[in-house]
Amino acid sequence: MGPNLTERTTARQRGRSAVVSALGLLLLLVLTGCSQGTTDELKRLGLPEPGSDRSPYMHDMWIGSWIAAGIVGVFVWGLIIWVSLRYRRRDDELPTQVRYNLPIEVLYTIAPVIVVAVLFFYTVKSQDRINAPVDNPDHQMLVTAQQWSWTFNYLGESAVNGKNVYDIGTPARLPELWLVKDESVTFDLHSPDVIHSFWVPSFYFKMDVIPGRENTFSMTPTKIGEFTGRCAELCGLYHSRMLFTVVVTDRQAFDQHMRDLTQADPPQVGVLRGGSNSTTVSGLDSSAQGGAS
C-alpha cells in the first residue's frame, strides 16, 4: 500500500507541474505575442495614449481606482475562500447558530464608508486640477455643437489679423479641430438645440454642452498627431455620426490653416452660434428668465 500511495503522490505532483508549466507557457505566448502598442495600452489598463496636460490627473485616478478595487476584491475573495474551507460541512450536525457578529457588522459598515471617502477625496482633487482655468490662454475657441455636427470658432487669431474664423462640418464630412502643440487653449461650449457632450478620448476629458449655458474648460495639447473626437451624449437620430478630428500640429501649419479658412469660397470668417435665439432656453422668454434668477 505504501508504494501505491507514493506513486499516487508522485503522479499528482507531476500533474501539478504540468499544469503550472502549461499556464506559464500560455502566459509567455500571450505577452510575447502582443505588440508594443498593445503592451502599453495594457499598462494603462485600456486608456488611450494621452494627448494633453490634463491627461496625467485622470490617468492617476484611473489606475488608483483599479488598485483600490483590486485590494477590495482580493480581500473579499480571500474571506469567501477562507470561510468556505474553515466552516465547510464535516458531518450531519447543524452548526451553532448565532444572531449576529458585532465585529463583522462593524467591518462591513465602516469599511465601505472609508473606501468611498478616500475615492471621493481623490476624485475632487483630480477634478479641481483638470478643471483649473488658464489665465491668458494662447487660443480662445467657441465650440458650437448642433444636430448633428460641430462648428469650431477660432476667436481673434493673430495669424489672420485678429479675425474670428470658423471650421464647420457635416455628418458626411467630419469637421477638424486644429490645435497647436504646447500652446494653451480655452474652450467655450455652446449648443443651440439639445444637450451634447464634447469628448476627445485621448485628452481623458469630456464636458456636456447644454443649451442656455456655456461650459468652459482649458487644456494644452502635448502630442502632435490626429485624434478622434465625438459626442458622448445621445442627442438624436444621427448621434453616432457626430464625430470630429482633432489635429495637433506646430504653429506654422496652424497659422497656414487659419489663412486657408479666410481664403475659402466663401470665406469662413465670423462666429457661428446656430441662430439668433441660441442663447435662450426654449419655453422661457427674457422676462421669465429674469424673474427666475
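**Exercise 1. Which residues of helix α3 are buried?**

Step 1: apply the cut-offs, where buried means under 20% relative accessible area, exposed over 50%, and partly exposed in between (1.4 Å probe, protein chains only). The buried residues of α3 are then Ser55, Met61, Ile63 and Gly73.

Step 2: recall what you are working with. This is a predicted model in which local features need pLDDT of at least 70 and side-chain atom pairs count only at pLDDT 80 or more, while totals for chains, interfaces and linings use all residues. Residues are numbered from 1 along each chain as its sequence is written, and side-chain values use heavy atoms, with hydrogens and water left out.

Step 3: check the span of the helix. Helix α3 covers residues 55–86, which is 32 residues, and reaches 46 Å from its first C-alpha to its last. That is close to the 46 Å expected at 1.5 Å a residue, the expected span being 1.5 Å times one less than the number of residues.

**Exercise 2. Find the order of the five strands in the open sheet.**

Step 1: settle the terms. Helices (H or I, at least four residues) and strands (E, at least two) are DSSP runs, numbered from the N terminus. Two strands pair if DSSP finds at least two bridges between them.

Step 2: read off the order, which is β3-β2-β1-β5-β8, with mixed pairing. The edge strands, each pairing on one side only, are β3 (163–168) and β8.

Step 3: look at two of the pairings. Strand β1 (residues 139–146) runs antiparallel to strand β2 (residues 149–157) over seven bridges, and leucine 142 stands opposite asparagine 153 in β2. Strand β5 (residues 185–190) pairs with β8, also in the antiparallel sense, over five bridges. Valine 185 has methionine 219 in β8 as its bridge partner.

Step 4: ask how enclosed β8 is. Four of the five residues of this strand (residues 215–219) are buried, so β8 is largely enclosed by the rest of the structure.

**Exercise 3. How many salt bridges does the count give, and which parts of the chain does the pair of glutamate 183 and arginine 251 tie together?**

Step 1: use the criterion, a side-chain nitrogen of Lys or Arg within 4 Å of a carboxyl oxygen of Asp or Glu. The count comes to six salt bridges.

Step 2: take glutamate 183 and arginine 251, whose side chains meet in a salt bridge at 2.9 Å, N to O. Glutamate 183 lies in the loop between β4 (176–180) and β5, and arginine 251 in helix α5 (residues 251–262), so the pair ties together parts that are 68 residues apart in sequence. Glutamate 183 counts as buried at 16% relative accessibility, whereas arginine 251 is partly exposed at 28%. Together with Asp255, Glu183 and Arg251 are linked in a network of salt bridges.

Step 3: turn to glutamate 214 and arginine 273, whose closest N and O atoms are 2.5 Å apart in their salt bridge. This pair links distant parts of the chain, 59 residues apart: glutamate 214 is in the loop between β7 (205–209) and β8, and arginine 273 in the loop between α5 and α6 (286–292). Glutamate 214 is partly exposed at 37% relative accessibility, and arginine 273 is partly exposed at 26%.

Step 4: finish with aspartate 182 and lysine 181, which meet in a salt bridge at 2.8 Å, N to O. Aspartate 182 is partly exposed, with a relative accessible area of 47%, and lysine 181 is partly exposed at 32%.
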